[in-house]
Number of protein chains: 2
Amino acid sequence: MTAAPSATRRERTRAATIDEIKATALDLMRGAGTVDVRFTDIARVMGVTPPALYRYFADRDELLTALITDAYDDLARHVAASGAAAPDDLGARWEAAAQAYREWAHREPERFALILGLPVPGYVAPEEGPTSEAASRALSQLSSLFVEALHADTLGAPYLREVDPTVEVCAHGKSEDLEVTLPAESFQAMLHAWAALHGFTSLEAYGHLDWMEPAARDALFGSQVTLIARVAGLPEPLRA
Amino acid sequence: MTAAPSATRRERTRAATIDEIKATALDLMRGAGTVDVRFTDIARVMGVTPPALYRYFADRDELLTALITDAYDDLARHVAASGAAAPDDLGARWEAAAQAYREWAHREPERFALILGLPVPGYVAPEEGPTSEAASRALSQLSSLFVEALHADTLGAPYLREVDPTVEVCAHGKSEDLEVTLPAESFQAMLHAWAALHGFTSLEAYGHLDWMEPAARDALFGSQVTLIARVAGLPEPLRA
DNA sequence: TCGTGTTTGTTAAGCAGCGTAACCGATCTG
DNA sequence: CAGATCGGTTACGCTGCTTAACAAACACGA
């Protein structure tokens, strides 16, 4: 989580305690199915008294902020790692990234809610940019797929070609961040893709698809991912 | 909200008080941007003491349950009412329903989170069916569009024709509820449509698209709704 | 009209969680 | 080994949830 291979013994044990606090908080969240955590409970589980925790976090909001930051990192890392198996197959990488996003959210709905649900009041993003951090990180993963496809000349035209001027402007604005210019229609398709992926993921993570058999959910997700890729102009995965 | 044009004076004032409590709770939620509400705050705003509220709700969970139930009803009504302007134009009704879903969520993100976010621990659905209530209501709106299109013979084939057997089974199971049999590929497309719509809606409602201009968000939503309709085989809106 | 029971509010009080203050031993450092 | 710092403790105050005991307002039949 935080672990830096740091210098002194004190710093190491301190970092370990911080990690333990965060891990305990996550366990309790998972157990209760909420984003609420009681300092008292964390302390009890850890076998210390509640005020001891204030040596590590100024208040509950600060702990929450740390958990949110960690969750951002973890999800981003998870998605980024998903494509390692087939670095040259962009279609397969899209499928893997989508699956990773979905799988992470399904495994950790509370953390997913923490970063992509209704914002929690106490949290203030470190170093505010114009873009919300969640959006920025999620998009950077996705957009790199599109940009690579563009460079490899395998990015097809999306199914929907019309782009409203306001979206076009927005695409150019974003392009400056990425230092590349994606065609506006592909930029739009990328956002459509993200929204569709996020929708399935949210519904499943929060249990709103529990009326389906797990196998059917898997199949439905697979078909949706394929559909998204096709209408977005992403290359098909190379099949054996 | 609850208002039945009921009998005695006592019952009427009681119902009014209950409505006032719920309305005050919602105001506070909107003000704080959370799903948390303090009984104390509600009481203060209403000019009574906190224990007075216990004459109307056994505890905070019961109030929350009432708010959730109301939110279900309100969203369903909102979406259902959206198509009144053009009852015979299924394409237009799809657009209107999608817009209504989106608009409601954007206007009331807290209530949206209440019913379609991470489930709140205290809430127990009244009369449990196999289907989660949120899913069921959302789908019944959507599926009626598909069923009507089928009957009107304007339901085209969806873009993606392959359907996994498990999803097919699931489609037939659901069909029994609806008393109609939608082609499995259309059933699958309907779920894709819902997921995509829900994804955009969630992202926007929770502020993850705030980096776009409102006009660009509107345009992006419009294009996504069009795209969804096309790939799902829904009829195009009749243009003047 | 009066008296009685019900409704709806009040104050008082208990309990739990957050966060602060004061204190104390263990550990690092010169 | 002496002083500072770190990491824990207990004691305490504040706030919010909830129950209990009580009081006023109201509805309604005798």
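Biologist: In what order do the elements of chain A run from the N terminus on?

Modeller: The order is α-α-α-α-α-α-α-α-α. This is a predicted model. Chain A has nine helices and zero strands, and its C-alpha trace spans about 60 × 45 × 35 Å along the principal axes.

Biologist: How do you know what relation holds between chain A and chain B?

Modeller: A turn of 180° with a shift of 0.0 Å along the axis lays chain A on chain B, and the RMSD is 0.0 Å. That is the relation of a two-fold axis. In general, two copies of a chain are related by a rotation about an axis and a shift along it.

Biologist: Why can one say that the copies meet through the same surface?

Modeller: Of the interface residues of chain A, 100% are also interface residues in chain B, so the copies do meet through the same surface. Chain A gives 56 residues to the contact and chain B gives 56 residues.

Biologist: How much area do chain A and chain B bury between them, and what share of it is on carbon and sulfur atoms?

Modeller: The two chains bury about 4,400 Å², with 75% of it on carbon and sulfur atoms. On the side of chain A, 17% of the area buried against chain B comes from A:Leu118, A:His208 and A:Trp211, more than from any other three residues.

Biologist: Which helices supply the side of chain A that touches chain B?

Modeller: The elements of chain A that give two or more residues are α5 (109–116), α6 (133–151), α7 (165–178), α8 (184–205) and α9 (214–232). With twelve residues, α8(A) gives the most. By class, this side of chain A has 34 nonpolar, 16 polar and six charged residues.

Biologist: How many salt bridges are counted between chain A and chain B, and how many residue pairs are in polar contact?

Modeller: The count of salt bridges is zero. For polar contact, the rule finds seven residue pairs across the interface.

Biologist: Turning to the DNA, which residues are closest to strand D?

Modeller: DNA strand D is surrounded by 19 residues, and the closest are A:Arg14, A:Thr49, A:Arg55, A:Tyr56 and B:Thr40. Within 4 Å of the protein, 65% of the atoms of this strand belong to sugar or phosphate, and the rest to bases.

Biologist: What makes the pair of A:Arg14 and DNA strand D a polar contact?

Modeller: The cut-off for a pair of N or O atoms is 3.5 Å. A polar side-chain atom of A:Arg14 lies 2.7 Å from a phosphate oxygen of DNA strand D, so the pair is within the cut-off and counts as a polar contact. B:Tyr54 also has a polar side-chain atom 2.9 Å from a phosphate oxygen of strand D. For B:Phe39, a polar backbone atom is 2.9 Å from a phosphate oxygen of that strand.

Biologist: Which residues are closest to DNA strand C?

Modeller: Here 19 residues surround the strand, and the closest are A:Thr40, B:Arg14, B:Thr49, B:Arg55 and B:Tyr56. The surface near DNA strand C has eight nonpolar, two polar and nine charged residues.

Biologist: Which part of DNA strand C does the side chain of A:Arg10 approach, a base or a phosphate?

Modeller: A base: one of its oxygens is 3.1 Å from an N or O atom in the side chain of A:Arg10. By contrast, A:Arg9 has a polar side-chain atom 3.2 Å from a phosphate oxygen of DNA strand C.

Key:
Residues are numbered from 1 along each chain as its sequence is written. Chains are lettered from A and ligands numbered from 1 in the order in which they are written. This is a predicted model: local features need pLDDT of at least 70, side-chain atom pairs count only at pLDDT 80 or more; totals for chains, interfaces and linings use all residues. Side-chain values use heavy atoms; hydrogens and water are left out. A residue is near a molecule or strand if one of its heavy atoms lies within 4 Å of it. A polar contact is a pair of N or O atoms within 3.5 Å; within protein, one must be able to donate a hydrogen and the other to accept it, and residues adjacent in sequence count only if both atoms are side-chain atoms. Copies are superposed by least squares on the C-alpha atoms of residues with pLDDT of at least 70 in both. Contact means heavy atoms within 4.5 Å. Buried area is the accessible area (1.4 Å probe) that two parts lose on being put together, summed over both. A salt bridge is a side-chain nitrogen of Lys or Arg within 4 Å of a carboxyl oxygen of Asp or Glu. Helices (H or I, at least four residues) and strands (E, at least two) are DSSP runs, numbered from the N terminus. Ala, Val, Leu, Ile, Met, Phe, Trp, Tyr, Cys and Pro count as nonpolar, Asp, Glu, Lys and Arg as charged, and the others, Gly among them, as polar.
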